[in-house]
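Reader: Hi! I'm in my first year and still learning to read these pictures. Could you take one part and walk me through it slowly?

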Amino acid sequence: MFKEKNLILASSSPRRKALLEDLHISFEVSSSDADESFDKSLAPEEIVMELARRKADAVLKANPKSYCLGADTIVYHNGNVLGKPASREEAFQSLKGLSGVWHAVYTGVSIAADGKHTVFYEKTNVLFWELTDEEINAYLDTGEPFDKAGAYGIQGVGRLLVKEIKGDYFTVVGLPISRTIRELRALGFNMPH
Ligand SMILES: Cc1cn([C@H]2C[C@H](O)[C@@H](COP(=O)(O)OP(=O)(O)OP(=O)(O)O)O2)c(=O)[nH]c1=O
């Protein structure tokens, strides 16, 4: 049990943690073991909001007096949801499919706080350069893609795959931080600045 009215990040993602740390906000981390399966017929924004809600709610149960923040990110292309790749082959296919075309990255965010609840999503469109098989394999060799939706990380070496984006960069990294802070403030969270 954490102390009252603090912020708990319901996530094991080091990227989400770093985005909050950059703002010098004090918070705790408590990753949830929420079920991340979803109905494939749902719209992408519904999927990420539902999964974000589950993550925040799971942590809120044990910490009912805290602000609990959950998020979920998926890559969406051609009607397909690309989550974290289960294998090198899946990562290769994912990146090959994204080569030279636009795709969308959706991040859902859920903030649960003592009877109040906010859920929203942001969408950023990303265009990849045309990638050769050699480039894809060299990127896979970095080991970077395997814990990331769509099999790339825009904040890492994966930035070299990206030609253009439309929308909030931080939505791609996994947490649209500026909107998230605005929503936290709207729920009464005291920001140090
Ligand atoms: C597209 C993209 C995704 N990602 C990451 C963000 C998320 O951590 C991950 C998507 O998986 P998620 O299931 O959203 O998050 P997670 O499993 O890492 O953490 P948790 O469920 O505990 O909150 O992909 C990047 O880091 N960079 C990128 O460019």
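Where is the place of asparagine 78? I'd love a close look at that part and at whatever connects to it.

Author: Happy to. One thing up front: this is a predicted model.

Asparagine 78 sits in the loop between S3 and S4. It's exposed, because just 9 other C-beta atoms lie within 10 Å, and the cut-off for exposed is 12 or fewer. Its backbone has a quirk as well: phi is positive, about 55°, although asparagine 78 is not a glycine.

Now hop from that loop to histidine 103. Along the chain, histidine 103 and asparagine 78 are 25 residues apart, yet their C-alpha atoms are separated by 7.9 Å. Histidine 103 lies in strand S5. It counts as partly exposed, since 19 other C-beta atoms are within 10 Å and buried would take 20 or more. Leaving out residues up to four places away in sequence, histidine 103 touches Val75, Tyr76, His77, Leu98 and Val126.

Let's follow S3 itself next, where aspartate 72 has its place. UniProt, in an unreviewed entry, lists Asp72 under "active site". Is aspartate 72 buried or exposed? Aspartate 72 counts as buried, because it has 27 C-beta neighbours inside 10 Å. Not counting residues up to four places away in sequence, the residues touched by aspartate 72 are Val48, Leu51, Ala52, Lys55, Thr107 and Gly108.

S3 also has a part in the surroundings of the ligand. The ligand is surrounded by 24 residues, and the closest are Ser11, Ser12, Ser13, Ile154 and Gly174. Two elements, S3 and helix H5 (169-173), give two or more residues to that shell. S3 gives the most, with four residues. By type, the shell divides into eight nonpolar, 10 polar and six charged residues.

Several of the contacts of aspartate 72, including Val48 and Leu51, are among the buried residues of H2, so let's look at that helix. H2 covers residues 44-62, which makes 19 residues. At 1.5 Å a residue, H2 should span 27 Å, and its end C-alpha atoms are 29 Å apart, which agrees.

Which residues of H2 are buried? They are Ile47, Val48, Met49, Leu51, Ala52, Arg53, Lys55, Ala56, Val59 and Leu60. Here's a handy rule for reading a list like that: an α-helix has 3.6 residues a turn, so residues three or four places apart point the same way. The buried residues of H2 pack against five strands: S1 (7-9), S3 (67-77), S4 (80-82), S5 (102-113) and S6 (116-128).

Proline 44 is found in H2 too. Proline 44 is partly exposed, with 19 other C-beta atoms within 10 Å. Setting aside residues up to four places away in sequence, proline 44 touches Ile74, Tyr76, Val81 and Tyr106. Tyr76 may ring a bell, as histidine 103 touches Tyr76 as well.

Further along H2, alanine 56 deserves a stop. The largest nonpolar core has 46 residues, and Ala56, Cys68 and Leu69 have the most contacts inside it. H2 provides the largest share of this core, eight residues. As a general habit, nonpolar side chains in soluble globular proteins tend to be buried together. Apart from neighbours within four places in sequence, alanine 56 is in contact with Ala10, Cys68, Leu69, Gly70, Ser110, Ile111 and Ala112.

To finish, let's go back to the quirk at asparagine 78, where phi is positive. Alanine 151 has a positive phi as well, near 70°, and it's a residue other than glycine. Alanine 151 belongs to the loop between helix H4 (133-141) and strand S7 (162-166). Whereas asparagine 78 is exposed, alanine 151 counts as buried, because it has 29 C-beta neighbours inside 10 Å.

One residue that touches alanine 151 is serine 94; the others touched by serine 94, not counting residues up to four places away in sequence, are Leu82, Pro85 and Gly150. Serine 94 has its place in helix H3 (residues 88-98). It's buried, with 23 other C-beta atoms within 10 Å.

Note on methods. Residues are numbered from 1 along each chain as its sequence is written. This is a predicted model: local features need pLDDT of at least 70, side-chain atom pairs count only at pLDDT 80 or more; totals for chains, interfaces and linings use all residues. The expected span of a helix is 1.5 Å times one less than its number of residues. Two residues are in contact if their C-beta atoms, placed from the backbone, lie within 7 Å. A nonpolar core is a set of buried Ala, Val, Leu, Ile, Met, Phe, Trp, Tyr and Cys residues joined through C-beta atoms within 7 Å. A residue is near a molecule or strand if its C-beta atom, placed from the backbone, lies within 6 Å of it. Ala, Val, Leu, Ile, Met, Phe, Trp, Tyr, Cys and Pro count as nonpolar, Asp, Glu, Lys and Arg as charged, and the others, Gly among them, as polar. UniProt positions are given in the numbering used here, feature names are shortened, and annotations may be inferred rather than shown by experiment.
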